[in-house]
Amino acid sequence: MIISRIRNILLLCVALAGVSACIKNDLPYPRIPQKIIAISAEGESKPAYIDSIAFEVDVYLDEQTDIENVRFTEYKVTPGATSSPNLAEGKYDFSTPVYVNVSRWQDYSWEIIAHQTITCYFQVAGEVGESIVDDVAHRVVVSMPEGTDLSNLTLQKIKLGPEGITTMSPDLKPGPLDLSYPKRVEVTAHGRTTIWTIYAQITEAIVTTTEANPWSQVVWVYGNGPADVQNGFEYRLSTDDTWTAVPQKYVTQIQGAFSCYIPHLKPLTEYVVRTVSGENKGNEITVKTQGTADIPDGDFEQWCQIGKIIFPYNEGGEKFWDTGNTGSSTLGQNLTVSSTDTPTGSGLSAECNTKFVGIAGIGKLGAGSIFTGTFVKVDGTNGILDFGRPWNIRPTRLKGYLKYKGTDIDYASSEFAALKGRPDTCIVYVALTDWTAPYQVRTNPKNRILFDKNASYVIGYGEVQFTGDTGGWKEFVIPIDYRSTSKEPTYLQITCATSKYGDYFTGGNGSVMWVDQFSFEWDLE
């Protein structure tokens, strides 16, 4: 009997084993993107930029750093993930992009690009324009006016490699220079030698107009001319014959390269511009200025409530602005609302509040904000936002009114713990960018992506901050600093936040900011 029972149990186990062998685990592994969450390099010129959407990292190195032997002082990936290679170990050659595989369940390929600007220059007395320093082909081209003796030039300054660690053979220094034939120079840095060739050429054109960039009420013009004279510009309406000289206060000249801005022009109007050097006139360039545009609902008059959430637009109307209310309303709070407190005493303004948002003492600090874009969805107790609205013209200043009553910072994340007890600060910033689509922002610390004013996608930027109590409404003007006069923007981003570090859940509970009457200016001076 006992033997029979044992035999039956063994048969049952074998049967179950056979059944279990036929069972397949059809449940897929979770698809959770594995990220690089922190990275710092020795000799970086500014913090790296991590793009968790495109799986790209931009590392910025100062010019003395050896780009072919980069060591990282900090490198972290998503907890539980592995990195191949592990950049925390060894040195890496970043003269070309490096690809890293971050893995956990699935593989995620990251591209890491190092950016390094090595300032090079070559300047000869009396040259026309600015010497062409081609750091890819490793050549210098100097243009001299007709009649110049190329064997008897004067070198004024030279730099063809990283500051302080570069040697040259022959060792060129300011003084007499013979460029009647191409000069070969060995430039050595980090133990590597590059051959540069320096040429001189005679140019018939004394002065040339090289570029003109029209904005709405301003045109930027660039030219080349003799280095040892005062060069300038002229402009006229395309329908007129009379030229107007550009005042010298608008002109900037560095040796033979010079530029200007021409203000007080009419939008959507055709002008002709040219360079001038003494009696010599440069070639003419015809341009048409851009139009202007109002900021949609810049007076913050449009509001609606859908369910429990307050939105800064009419229901069914244009959605240009949004707030973080979609997130804070999950805990029963709308941090940004309309207000009858305005600088004119009539109409509405936007009121943004910093509050501890939670139930029974459980929650987190929320900073009220209003921004151009869309609150996409809630990510736990955090938010996912799309920043930016399409925009392709270039204002010169953002104007508006602001009122602020700030409290002391009483909530702070670990990275800003030192700010506790200090006065809270509000911020308004404006940015023109070259995004190809709205920029996704994530406030979750696990996969945080925030706007970076120093990122390469920013063409123009300006901001204003206030701390404490403004004592009532204050008019502000934010000049927009453009990094390129030729690059046209594709998106506009304006953000107003009660607490500057609200994205890090840091601020003063009870801080309040009101904003109203936003508009753009298009002229200079």
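In this predicted model, the largest nonpolar core holds 55 residues, and those that touch the most other members are Leu-398, Val-428, Val-515, Phe-518 and Phe-520. As background, nonpolar side chains in soluble globular proteins tend to be buried together.

Val-515 is a good place to start looking around. Beyond its neighbours within four places in sequence, Val-515 is in contact with Phe-300, Ser-349, Ala-350, Ile-370, Tyr-401, Leu-402, Val-428, Trp-473 and Cys-496. Elsewhere there is a second, separate core of 25 residues, with Phe-55, Val-57, Val-77 and Ile-112 among them.

**Salt bridges**

Across the whole structure, a search finds 19 salt bridges. Three of the pairs are set out here for you.

| Pair | N to O distance | Relative accessible area |
|---|---|---|
| Glu-42 and Arg-71 | 3.9 Å | Glu-42 40%, Arg-71 34% |
| Lys-76 and Glu-74 | 3.9 Å | Lys-76 46%, Glu-74 31% |
| Lys-399 and Glu-521 | 3.5 Å | Lys-399 21%, Glu-521 24% |

Let's take the pair of Lys-399 and Glu-521, whose side chains meet at 3.5 Å, N to O. This salt bridge links distant parts of the chain: Lys-399 belongs to strand S34 (residues 397–405) and Glu-521 to strand S41 (residues 512–521), 122 residues apart. Are these two residues buried or partly exposed? Lys-399 counts as partly exposed because its relative accessible area is 21%, and buried means under 20%. Glu-521, at 24%, is likewise partly exposed.

The salt bridge between Glu-42 and Arg-71 also ties distant parts of the chain together, with the two positions 29 residues apart in numbering. Glu-42 sits in the loop between strand S1 (36–41) and strand S2 (44–51), while Arg-71 is in strand S4 (residues 70–77). Glu-42 is partly exposed at 40% relative accessibility, and Arg-71 is partly exposed at 34%.

The side chains of Lys-76 and Glu-74 make another salt bridge. Here Lys-76 is partly exposed, and so is Glu-74.

If you would like a group rather than a pair, have a look at Glu-234, Arg-236, Arg-274, Lys-281 and Glu-284, which are linked in a network of salt bridges.

**A pocket to explore**

The second largest pocket has a volume of about 580 Å³. It is lined by 26 residues, of which Gln-116, Ile-118, His-138, Pro-162 and Thr-194 are the closest to its centre. Strand S8 (106–116), strand S15 (183–189) and strand S16 (192–203) are the elements that give two or more residues to this lining. Which of them gives the most? That is S16, with four residues. By class, the lining of this pocket has eleven nonpolar, eleven polar and four charged residues.

**Backbone details**

Two proline positions deserve a look as you trace the chain. A cis peptide bond, with omega about 0°, joins Ser-84 and Pro-85, and Pro-85 is in the loop between strand S5 (82–84) and strand S6 (91–92). The peptide bond from Ser-169 to Pro-170 is cis too, with omega near 0°; Pro-170 lies in the loop between strand S13 (167–169) and strand S14 (175–177).

Positive phi values turn up in residues other than glycine as well. His-264 has a phi of about 65° and lies in the loop between strand S22 (257–262) and strand S23 (270–277). At 48% relative accessibility, His-264 is partly exposed. For Phe-505, phi is near 55°, and this residue is found in the loop between strand S40 (491–497) and S41.

Notes:
Residues numbered from 1 in each chain as written. Predicted model: local features only at pLDDT ≥ 70, side-chain atom pairs only at ≥ 80, totals over all residues. Heavy atoms only, no water. Core = buried A, V, L, I, M, F, W, Y, C linked by side-chain atoms within 4.5 Å. Buried < 20%, exposed > 50% of the residue type's maximum accessible area, 1.4 Å probe, protein only. Contact = heavy atoms within 4.5 Å. 1 Å grid on protein atoms, 1.4 Å probe; cavity = no way out; pocket = protein on both sides within 12 Å on 5 of 7 lines; lining within 4 Å. Points joined across faces, edges and corners; volume = space filled by probe spheres on them. Nonpolar A, V, L, I, M, F, W, Y, C, P; charged D, E, K, R; others polar. Salt bridge = Lys/Arg side-chain N within 4 Å of Asp/Glu carboxyl O.
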